[in-house]
Amino acid sequence: MIMSRKNKADAGFYPTLVTVIIIFLACIMMLVVLQPGLPIEPDINIRMAYMRDHRNIWLFSWLLWMASALGLLLFCFYLLPFLPKSGITYYSLAIITIGIVPDITAEFIYAVILPWIATNTVVANGITLQISTEHFRTLEYLAVLLTGGFGNGAYNAGGLMLNILGFRNQLLPRWLLWLGIPSWLLGLALSISTIINEPFLMRFFTAASMALSLIWMFLIAMIIFRRPQKYLWQEEGATR
């Protein structure tokens, strides 16, 4: 049993490094490619035109974010061998898994549906143009709430719970566990700022939470997943 858990933990090293790279690239794309088509640009017509004129790179950027969401879920699965086998652990993981649904839905809206509306609005006129623009605005707002509010909120609530559960394993480095706490809290702050629609706070908490999360995930891979046998949840090395 210990051997099978060790093998499972060993498998987390390279996938986590790949996930960190994908999330890093997704963040670069958010800054360089996606930003002109996001609500940070106040003119809806400029946003629609940008999506229409950059459909391929726009789609690719959102596919990176979808892969990032799945990678985060996989990363949390790889944490399980180091955490207590309790209902709270699996409940936390379930919350993260549930967050995938609104997040991927929102990213699909941004990647496919909004560019489609923007493209078809070009050939519309009169009342049809107004209706298309309003549909775009409504779906855009829905997507922001789904990904930044509900999806991100679920990820960070579940992740924070897993992080706290790690303190019950006396073999895990305390400094590393404490380092993870701020990233989850900043992520929750991002969800709150998204729900109350505060653009400046959304940008700040996005940058801060993503930077800390990437550093923490990289350190988890290099310290925990690289030498899992030292940190596996065991009775003699853990408190109940």
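## The largest pocket

Helix α8 makes the greatest contribution to the lining of the largest pocket, supplying 12 residues; helices here are DSSP runs of H or I with at least four residues, numbered from the N terminus. The model is a predicted one, in which local features need pLDDT of at least 70 and side-chain atom pairs count only at pLDDT 80 or more, whereas totals for chains, interfaces and linings use all residues. Residues are numbered from 1 along each chain as its sequence is written, and side-chain values use heavy atoms, with hydrogens and water left out.

The largest pocket (an open set of points on a 1 Å grid over the protein atoms alone, where a 1.4 Å probe fits, with protein on both sides within 12 Å along at least five of seven lines) encloses about 1400 Å³ of space, a volume being the space filled by probe spheres set on the points. Its lining (residues with an atom within 4 Å of a point) comprises 47 residues, and those nearest the centre of the pocket are M30, W65, L190, M202 and T206. At least two lining residues come from each of α2 (13-34), α4 (55-79), α5 (87-121), α6, α7 and α8. Sorted by class, the lining of this pocket consists of 28 nonpolar, 13 polar and six charged residues, where Asp, Glu, Lys and Arg are charged, Ala, Val, Leu, Ile, Met, Phe, Trp, Tyr, Cys and Pro nonpolar, and the others polar.

## The cavity

The structure also holds one cavity of 30 Å³ or more, a cavity being a set of points from which the probe cannot get out. The volume of the largest cavity is about 130 Å³, and of the 15 residues that line this cavity, L79, L172, L177, W216 and I220 are the closest to its centre. Helices α6 (127-165), α7 (174-195) and α8 (199-225) are the elements that give two or more residues to this lining. In the lining of the largest cavity there are 12 nonpolar and three polar residues, with no charged residue.

## Helix α2

For α2, whose 22 residues should span 32 Å at 1.5 Å a residue (counting one less than the number of residues), the end C-alpha atoms lie 30 Å apart, which agrees with that expectation. Buried residues of α2 (under 20% relative accessible area, with a 1.4 Å probe and protein chains only) include F13, T16, T19, V20, I23 and A26, and C27, M29, V33 and L34 are buried in α2 as well.

## Salt bridges and S132 in helix α6

Two salt bridges (a side-chain nitrogen of Lys or Arg within 4 Å of a carboxyl oxygen of Asp or Glu) are found in a search of the whole structure. One joins the side chains of E140 and R47, with an N to O distance of 2.7 Å; because E140 lies in helix α6 and R47 in helix α3 (residues 44-53), this pair ties together parts that are 93 residues apart in sequence. E140 counts as buried, at 4% relative accessibility, and R47 is likewise buried, with a relative accessible area of 4%.

R137 forms a salt bridge with E134, the closest N and O atoms being 3.7 Å apart, and both residues lie in helix α6, three residues apart, or about one turn of the helix. R137 is partly exposed (from 20% to 50%), with a relative accessible area of 38%, and E134 is partly exposed, also with 38%.

S132 has its place in helix α6 too, and at 15% relative accessibility S132 counts as buried. Its contacts (heavy atoms within 4.5 Å), leaving aside neighbours within four places in sequence, are with I117 and T121.
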